[in-house]
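Here's a walk through one fold, strand by strand and helix by helix. Have the model open alongside as you read.

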Amino acid sequence: MTWSIVARDPATGAFGVAVATRFFAVGALCVHADGGVGALATQALINPTFGPRGIRLLRDGISAARVVDALVDADPGRATRQLHVQDARGGIAAHTGAECVPWCGHAVHDGFSVAGNMLAGPEVIAETARVYAARAGLPFARRLIEALKAGEAAGGDKRGKQSAALRIHTTEEYPALDLRVDDHADPLAELERLEAVSRERFVHFARFFATRADAGGTWDRSVIEAALAQVPPPGR
């Protein structure tokens with residue numbers, strides 16, 4: 001009922017997951033990541049424990065292949081699940097259960113993977129991958145959204161569309177960007193709009209957050225506001 005892309009930005013090392021579906025609030029349970037650790041998407045007849053458990057295993061240095069094996073082997077419903085995982089060393093692994101609703105499948109590429117089920121056909125996965133690979137010059141968030149838009153243009157979820165999400169982690173446990181469209185007539189268009197709004201102020205403000213390396217970050221409001229005042233207006 002979903003298709004997604006899990007990727008690592010070669011320019012920054014950020015991990016990202018983008019997903020779209022004809023189902024409510026896909027971002028709540030399907031997308032998971034951690035800065036410097038890895039990322040995954042869990043979908044189909046979802047096992048929501050795969051996300052938190054998978055990230056814990058990745059934090060322990062377990063490879064993507066072993067994470068997929070560990071999660072799938074312990075799940076009696078494995079034939080109905082779909083999962084793809086990327087680790088910090090660039091390893092990628094995926095599982096599409098034999099009882100996932102067709103069309104279903106996954107594809108692993110250099111630096112990213114795409115997986116989906118209940119899709120219009122294999123061209124959804126192929127076009128998502130093709131456009132992601134072709135848009136290397138775009139900023140990471142927009143590249144992921146463009147890839148999903150191409151998959152949607154190729155047919156997307158064969159039932160229609162309802163929700164979409166985008167999650168990006170750079171160096172931290174908390175996301176650098178976490179956008180969710182839970183229920184919308186055109187969720188990818190709305191996700192694209194939200195990403196553009198995030199660049200108006202949020203992404204600039206986020207530079208002052210506390211981090212693993214700097215436990216306090218910047219809390220002087222005058223410093224923050226002075227910096228934000230230098231941000232060009234939208235569209236410039």
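## Ground rules

This is a predicted model, so to speak of local features a pLDDT of at least 70 is needed, side-chain atom pairs count only at pLDDT 80 or more, and totals for chains, interfaces and linings use all residues. Numbering starts from 1 along each chain as its sequence is written, and side-chain values use heavy atoms, with hydrogens and water left out.

Helices (H or I, at least four residues) and strands (E, at least two) are DSSP runs, numbered from the N terminus. Two strands pair if DSSP finds at least two bridges between them.

## The four-stranded sheet

Let's begin with the open sheet, where four strands sit in the order E3-E4-E5-E6 with antiparallel pairing. Its edges are strand E3 (31-34) and strand E6 (92-96), each pairing on one side only. From one strand to the next, the twist averages 5°. As a reminder, strands of a sheet pair through backbone hydrogen bonds, either parallel or antiparallel.

E3 and strand E4 (residues 38-44) are joined by four bridges and run antiparallel; here Asp 34 stands opposite Gly 38. At the other edge, five bridges hold E5 to E6, again antiparallel, and Val 85 faces Ala 93 in E6. E5 and E6 make a hairpin with four residues between the strands, in which Gly 90 takes a positive phi near 95°.

## Two helices across the sheet

Which strands does helix H1 lie across? H1 (residues 50-59) lies across E3, E4 and strand E5 (81-87), in contact with them (heavy atoms within 4.5 Å). H1 runs at about 155° to E4. Such angles go from 0 to 180 degrees between N-to-C directions, using axes that are lines fitted to C-alpha atoms, for helices over the stretch in contact.

Helix H2 (residues 64-73) lies across E5 and E6, and its direction is about 150° to E5.

## E1 and its partners

Strand E1 (residues 2-8) is mostly covered: six of its seven residues are buried, meaning under 20% relative accessible area (exposed is over 50%, partly exposed in between, with a 1.4 Å probe and protein chains only).

E1 pairs with strand E2 (residues 15-21) in the antiparallel sense over seven bridges, with Trp 3 opposite Ala 20 in E2. The two form a hairpin with six residues between them, and Gly 13 in the turn has a positive phi of about 80°. E1 also pairs with strand E8 (residues 112-117), antiparallel over six bridges, and the bridge partner of Ala 7 in E8 is Phe 112.

## Helix against helix

H3 (residues 122-134) carries Ala 126, which counts as partly exposed because its relative accessibility is 44%. Ala 126 lies eleven residues from Ala 115 in sequence and 9.8 Å from it in space, C-alpha to C-alpha.

The axes of H3 and helix H4 (residues 140-153) come within 7 Å and cross at roughly 150°. That makes H3 roughly antiparallel to H4; the cut-offs are under 35 degrees for roughly parallel, over 145 for roughly antiparallel, 65 to 115 for roughly perpendicular, and oblique for the rest. The crossing is right-handed, that is, the near helix is turned clockwise from the far one by less than a right angle (anticlockwise would be left-handed). By class, the contact of H3 with H4 has nine nonpolar, two polar and three charged residues. Ala, Val, Leu, Ile, Met, Phe, Trp, Tyr, Cys and Pro count as nonpolar, Asp, Glu, Lys and Arg as charged, and the others, Gly among them, as polar.

H4 also meets helix H5 (residues 187-198): their axes come within 10 Å and cross at roughly 170°. That makes H4 roughly antiparallel to H5, and this crossing is left-handed. Five nonpolar, no polar and six charged residues make up the contact of H4 with H5.

## Backbone oddities

Most residues other than glycine have a negative phi, and most peptide bonds are trans. Ala 25, in the loop between E2 and E3, has a positive phi of about 55° although it is not a glycine. Ala 25 is buried, with a relative accessible area of 11%.

Met 118, in the loop between E8 and H3, has a positive phi near 55°. Met 118 is buried at 17% relative accessible area. Finally, a cis peptide bond joins Pro 102 and Trp 103, with omega about -10°; Trp 103 is found in the loop between E6 and strand E7 (105-109).
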